Amino acid sequence: MVRSTGGTGMPLAFSSILGQERAMGLLRRYSASGRIAAGFLFHGEEGIGKEKTARAFAHALICREPDDDGACGRCRECLLLAGGGHPSLFVITRPEDKASIPIESIRKLWEELSLKAFSDRPRVILFLPADDLLLPAANALLKTLEEPPPSTHLVLVAHRLSRVPATILSRCQKIPFSPLPHETVEEILRATGEMDENCTDEMLRTAVSCSGGSPGRALAMLAAGDESRRGWLRAFCKFDAAATFKFTESWKKAEERDDAFAVPLSLLRDLLLLSSGSNGAIMNEDMRNELGSAAARKSPAGWARAMKMLLETSRMPPKQFQRRLAVEALIFRSHGKD
Ligand SMILES: [Zn+2]
């Protein structure tokens, strides 16, 4: 059986997707019934396997001899998919120099869909992610969802449902993805082969415990290195205005990511726990001493307010000066008494 578990263009086996039993159960049921909706919306946090699943599902739809575990990996379609250039698989993403998916991308897609299909197998269009699909591109897509060309399926991957226009939401079959248990996150990280050889077990455990159940977030934290965590620790623990401005300036590059707030939130959570006198496990166990001294500066209510402020800031749109200002204000406030 020529079937990959991930990382290449090889068709992916459904069984290689860990910890998403509910979503996989729904997809297996749809596949077996032969009644495949025109539009699917895979939703859930970033980095928990939605894109990998969307690709595996697309491969299974296009494959000539799929079974209960997805695409066969041997047929002509699978070999083309493995080569990375199957004409029936379309992937729509936001161009790097654009803030959202442009309407031209949807028009170009229409033109391609109006041509004769490459083979008698279905055509699948992946939107990675659909969060970048704003009006009016979303409106242009509605027609495709309402009257899809024969044997054409759209799979939209969304990290936040609130960003997907309601008109699109109501026309898609929704497949929910959940954050994963810590053991599964660790298992996935160890299996990726993407771990740096300098990554210690302690670094791995810290990344897992700060990941909120997202292997993608844990990998991003490990890739950012311990420097990012140390930077936030210094910002919260030692008052230095010039260093704070310098730090938020350097953080600007990372703040676009949805998971940019995972590290500071994990530290504030630890500060709140320690200030309330808890001796229980904290996420940043290796920083317990520094965090312990800083935690005494405020009451638990004060740290809870700081955490709420950071959560609100994390929901502000990225790339905006106000968001950076809010982070600076929060760091300065964390050194006050209230
Ligand atoms: Zn196949």
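**Close-up views of a predicted model**

**View 1. The open parallel sheet.** Five strands make up an open sheet whose order is E2-E3-E4-E1-E5, with parallel pairing. Strand E2 (89–92) and strand E5 (173–176) occupy the edges with a single partner strand each, so one side of each has no neighbour in the sheet. On average, and with direction ignored, neighbouring strands of this sheet are turned by 20 degrees against each other. The structure shown here is a predicted model, and the protein as a whole has 15 helices in addition to its five strands.

**View 2. Pairing of E1 with E5, and helix H4 on the sheet.** Strand E1 (residues 39–43) pairs with E5 in the parallel sense, and four bridges connect the two. Within this pairing, Phe-42 stands opposite Ile-175 in E5. Helix H4 (residues 103–114) packs on the sheet, where it touches E2, strand E3 (123–127) and strand E4 (152–158), and the direction of H4 makes about 170 degrees with that of E2.

**View 3. The largest nonpolar core and the surroundings of Val-155.** The largest nonpolar core comprises 81 residues, and those with the most contacts inside it are Ala-58, Val-155, Leu-156 and Leu-271. Both domain 1 (14–176) and domain 2 (225–334) contribute to this core, with at least three residues drawn from each. When residues up to four places away in sequence are not counted, Val-155 touches Phe-40, Phe-42, Ala-54, Phe-57, Ala-58, Val-124 and Leu-126. Among these partners, Phe-42 is also the residue that stands opposite Ile-175 in E5, while Ala-58 is listed with Val-155 among the residues that have the most contacts inside the core.

**View 4. Helix H9 and its covering helices.** Helix H9 (residues 215–224) is mostly covered, eight of its 10 residues being buried. The buried residues are Pro-215, Gly-216, Arg-217, Ala-218, Leu-219, Ala-220, Met-221 and Leu-222. Helix H7 (182–192), helix H8 (201–209) and helix H12 (262–275) are included in what covers them. H9 is followed by Gly-225, a residue whose phi is positive, near 80 degrees.

**View 5. Helix H12, largely enclosed.** Because 11 of the 14 residues of H12 are buried, this helix is largely enclosed by the rest of the structure. Its buried residues are Ala-262, Val-263, Pro-264, Ser-266, Leu-267, Leu-268, Asp-270, Leu-271, Leu-272, Leu-274 and Ser-275, and of these Leu-271 is also one of the residues with the most contacts inside the largest nonpolar core. The cover over the buried residues of H12 includes H9, helix H10 (226–237), helix H13 (288–295) and helix H14 (300–314). At 1.5 Å a residue, the 14 residues of H12 should span 20 Å, and this agrees with its end C-alpha atoms, which are 20 Å apart. Just after H12, Gly-277 takes a positive phi of about 80 degrees.

**View 6. The two assigned domains in the whole chain.** The domain assignment of the protein gives domain 1 (14–176) and domain 2 (225–334), and the C-alpha centres of these two domains lie 37 Å apart. Taken along the principal axes, the C-alpha atoms of the protein fill a box of roughly 65 × 45 × 30 Å. Of the 338 residues in the protein, 38% are buried. Among contacts between residues at least 6 apart in sequence, 73% join residues at least 24 apart.

Methods: Residues are numbered from 1 along each chain as its sequence is written. This is a predicted model: local features need pLDDT of at least 70, side-chain atom pairs count only at pLDDT 80 or more; totals for chains, interfaces and linings use all residues. A residue is buried if 20 or more other C-beta atoms lie within 10 Å of its own, exposed if 12 or fewer, and partly exposed in between; C-beta atoms are placed from the backbone. Two residues are in contact if their C-beta atoms, placed from the backbone, lie within 7 Å. The expected span of a helix is 1.5 Å times one less than its number of residues. Domain bounds come from an automatic or database domain assignment. A nonpolar core is a set of buried Ala, Val, Leu, Ile, Met, Phe, Trp, Tyr and Cys residues joined through C-beta atoms within 7 Å. Two strands pair if DSSP finds at least two bridges between them. Axes are lines fitted to C-alpha atoms, for helices over the stretch in contact, and angles run from 0 to 180 degrees between N-to-C directions.
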